[in-house]
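Here is a short note for a colleague who is coming to this structure without earlier acquaintance. Please read the points below with the sequence and the model side by side.

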Amino acid sequence: MYRDNNKECFVIGTFVGAAVAGLTALLLAPKSGKEVRDDIKDHTVKTKEQAKDYVNKAKDKGLELKDSVHQASSDYLDSATATYEQLTNQVGTDLDKAGENLDKIKKEAKETAKNVKGKMNKEDKDLSEKDPTTPSGTSKSLKYDYDKDSSEDEEDVNYFNPENK
C-alpha cells in the first residue's frame with residue numbers, strides 16, 4: 001500500500017514539476033508575447049498528451065490487476081470447491097463404511113445372542129434330564145456336581161427360580 005502511494009506521488013510530482021519548469025522557461029525566455037503564448041499552448045498540448053498517456057497506462061495496469069485478481073479468486077473458488085467435494089465424498093464414504101460396520105456388528109451380536117440362547121436352552125434341557133427336580137427356567141450360573149456326595153454340599157446348591165421362590 002505504501003509503495004503504491006509513493007508511485008502516485010511520483011507521477012503527480014512529475015506533472016507538477018514539468019508544468020512549473022515549462023512555465024518558468026517560457027516566462028523567462030527572451031521572446032515576444034505571441035511566441036510565449038504559442039510556446040505555452042504547445043507545452044499545454046504536450047502536457048495533456050502526456051497526462052492522457054499516463055491515464056491510459058494507469059487504466060491498463062488497473063485492468064491487468066482486475067484480471068489477475070479475478071483469475072486468482074476464480075482459481076481459489078475452484079480449489080475450494082474441489083476440496084469441499086473431496087471432503088464431502090470422503091465423509092460420505094466414511095459414513096457408508098461406518099454403517100456397514102454397524103450392520104456387521106448388529107448381525108454378529110444377533111448371532112451371538114442366538115448361539116448363547118441355544119446353548120442355555122440346551123443346558124436347561126440337559127440339566128432337567130439329569131435332575132428331574134430342577135424346575136424349568138433355572139439359572140445356570142451355579143452347577144451341581146452330581147458325582148459329589150449330596151449330603152456334604154446340599155446347602156451350597158442354590159437354584160434361582162423367580163416363579164418358585
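How many aromatic pairs does the structure hold? The points below begin with the answer and then turn to the rest of the chain, and it should be kept in mind throughout that this is a predicted model.

1. The structure holds 1 aromatic pair. The rings belong to F15 and Y54, and because their centres are 5.0 Å apart while their planes stand at 85 degrees, the pair is edge-to-face; the cut-off that applies here is an angle over 60 degrees.

2. As for where the two partners sit, F15 lies in helix α1, which covers residues 2-28, and Y54 lies in helix α2, so the pair ties together parts of the chain that are 39 residues apart in sequence.

3. Are the two partners buried or exposed? F15 has a relative accessibility of 21% and therefore counts as partly exposed, given that buried would require a value under 20%. Y54 is likewise partly exposed, with a relative accessible area of 34%.

4. Y54 deserves a second look, since this residue of helix α2 also helps to form a patch on the surface. Together with F10 and V11, Y54 makes a nonpolar surface patch of about 290 Å².

5. Which residues gather in a patch of negative charge on the surface? They are D94, D96, E100 and D103, and D103 is found in helix α2, the element that spans residues 33-130.

6. Another residue placed in helix α2 is I40, which is partly exposed with a relative accessible area of 28%. Measuring from C-alpha to C-alpha, I40 and A19 are 9.8 Å apart in space, although 21 residues separate them in sequence.

7. For the chain as a whole, there are 3 helices and 0 strands, and the elements follow one another from the N terminus in the order α-α-α. Of the 165 residues in the protein chain, buried residues make up 7%.

Key. Residues are numbered from 1 along each chain as its sequence is written. This is a predicted model: local features need pLDDT of at least 70, side-chain atom pairs count only at pLDDT 80 or more; totals for chains, interfaces and linings use all residues. Side-chain values use heavy atoms; hydrogens and water are left out. Patches are made of residues with over 30% relative accessible area and no salt bridge: like charges are joined within 9 Å, nonpolar side chains (Val, Leu, Ile, Met, Phe, Trp, Tyr) within 5 Å. Accessible areas come from the Shrake-Rupley method with a 1.4 Å probe; for residues, only the protein chains shown count as cover. A salt bridge is a side-chain nitrogen of Lys or Arg within 4 Å of a carboxyl oxygen of Asp or Glu. Lys and Arg count as positive and Asp and Glu as negative; His and the chain ends are not counted. The place of a charge is taken as NZ of Lys, CZ of Arg, CG of Asp or CD of Glu. Helices (H or I, at least four residues) and strands (E, at least two) are DSSP runs, numbered from the N terminus. Rings of Phe, Tyr and Trp (its six-membered ring) pair if their centres lie within 6.5 Å; planes under 30 degrees apart count as stacked, over 60 as edge-to-face and the rest as tilted. Buried means under 20% relative accessible area, exposed over 50%, partly exposed in between (1.4 Å probe, protein chains only).
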